[in-house]
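The following note sets out points for a colleague who is about to examine this model. The points move from the chain as a whole to individual loops, helices and the pocket.

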Amino acid sequence: MERERTTPVPTRRRLLKGAALAAVPYTLLSGTRAAARPAAVDYPLAEWQPSSAFNYTPSSRPTTYPVDHVVVHVTQETYADTLAIFRNPEKQVSAHYVVRSSDGHVAQCVREADVAWHAGNWDYNTRSIGIEHEGWVDRPEYFTNALYEESARLTAAICTRYGIPRDRAHIIAHHEVPGSDHTDPGPLWDWTRYIRLVNFA
């Protein structure tokens, strides 16, 4: 025999508790979204995916160092593997951002105020923002429309924030950093298209 269900009578205390819970933002209750990004990422469209604190130098740029370049990289790894490398304290490498090939999704791994270890040259590390792009220098299929377009929006926002000219003298390849032994982003990266997109973003 089933017991008859009774509806609890709302008391003043229950009503107040319900009102208080309704006023709490969803992000505080779920914990998942709030944990996915810090109080504020530098680029509003980015997802926070922090590098290990052992893979960059804390700073307070542009007060400590002027920011006057953007360095373009290609990961030579998948997007997921790149984030895992940046989280590994033994790797001693990071970049400020990683752009995913398939959809142009942007992850921020190091705050722009801090010095990411991406250029292989301390002077350039201190004065640049490093952007990694998922792909390989000899596989142009990774250089998708979405990757170019979203990266260009990111670079344009960085240039605006720091007053960096939107030209090839200030938006440079990793291989153009003095002392670099890297070849990225490689000969298949379309610089004409990219700089045009940055200027129209």
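1. Basis of the element names. Helices (H or I, at least four residues) and strands (E, at least two) are taken as DSSP runs and numbered from the N terminus. With that naming, R61 sits in the loop that joins β2 (56-57) to β3. The model discussed here is a predicted one.

2. The chain as a whole. The chain holds seven helices and eight strands. Of its 201 residues, 41% are buried. Among contacts with a separation of 6 or more, 72% are between residues 24 or more positions apart. The exposed area of the chain is about 11,200 Å², and 55% of it is supplied by carbon and sulfur atoms.

3. The surroundings of R61. Is R61 buried or exposed? Its relative accessible area is 5%, and the cut-off for a buried residue is under 20%, so R61 counts as buried. Once neighbours within four places in sequence are set aside, the contacts of R61 are V67, H96, E112, A113, D114, V115, N125, T126, R127, S128 and I129. One of these, R127, is 66 residues from R61 in sequence, with 8.4 Å between the two C-alpha atoms.

4. The β2 to β3 loop beyond R61. P62 also belongs to the loop between β2 and β3, and the peptide bond leading from R61 to P62 is cis, with omega near 0°. P58 is placed in the loop between β2 and β3 as well. In P58 the relative accessible area is 62%, which makes it exposed. P58 and A116 are separated by 58 residues in sequence and by 8.6 Å in space, C-alpha to C-alpha.

5. Further backbone features to check. Most peptide bonds are trans, and most residues other than glycine have a negative phi. A cis bond joins D184 and P185, with omega about 5°; P185 lies in the loop between β8 (171-173) and α7 (191-200). Q76, which is not a glycine, has a positive phi of about 60°. Q76 is found in the loop between β3 and α4 and, at 34% relative accessibility, is partly exposed. Q92 likewise has a positive phi, near 60°. The location of Q92 is the loop between α4 and β4, and with a relative accessibility of 43% Q92 is partly exposed.

6. Helix α4. Which residues of α4 are buried? They are Y79, T82, L83 and F86. Viewed down the axis of α4, the buried residues fall within an arc of 100°, so they line one face of the helix. An α-helix has 3.6 residues a turn, so residues three or four places apart point the same way. The cover over the buried residues of α4 includes β1 (47-48), β4 (97-99), β5 (106-108) and β7 (128-133).

7. Helix α7. The buried residues here are W191, Y194, I195 and V198. Down the axis of α7 these buried residues keep within an arc of 95°, and therefore they line one face of the helix. Their packing partners are β3, β7, α6 (145-162) and β8. On the face of α7 turned away from the buried side are the exposed residues T192 and F200.

8. The largest pocket. The volume of the largest pocket is about 390 Å³. It is lined by 23 residues, and those closest to its centre are T75, V93, E132, H174 and H182. Two elements, β3 (69-74) and α4 (79-87), give two or more residues to this lining. The largest share, three residues, is that of α4. By class, the lining divides into eleven polar, seven nonpolar and five charged residues.

9. Suggested reading order. On a first inspection, one may begin with the cis bond from R61 to P62 and the contacts of the buried R61. The positive phi values of Q76 and Q92 may follow. The buried face of α4 and the contribution of α4 to the lining of the largest pocket can then be viewed together.

Notes:
Residues are numbered from 1 along each chain as its sequence is written. This is a predicted model: local features need pLDDT of at least 70, side-chain atom pairs count only at pLDDT 80 or more; totals for chains, interfaces and linings use all residues. Side-chain values use heavy atoms; hydrogens and water are left out. On a 1 Å grid over the protein atoms alone, a cavity is a set of points where a 1.4 Å probe fits but cannot get out, and a pocket is an open set with protein on both sides within 12 Å along at least five of seven lines; lining residues have an atom within 4 Å of a point. Grid points are joined across faces, edges and corners, and a volume is the space filled by probe spheres set on the points. Ala, Val, Leu, Ile, Met, Phe, Trp, Tyr, Cys and Pro count as nonpolar, Asp, Glu, Lys and Arg as charged, and the others, Gly among them, as polar. Buried means under 20% relative accessible area, exposed over 50%, partly exposed in between (1.4 Å probe, protein chains only). Contact means heavy atoms within 4.5 Å. Accessible areas come from the Shrake-Rupley method with a 1.4 Å probe; for residues, only the protein chains shown count as cover. The arc is that of the directions from the helix axis to the C-beta atoms.
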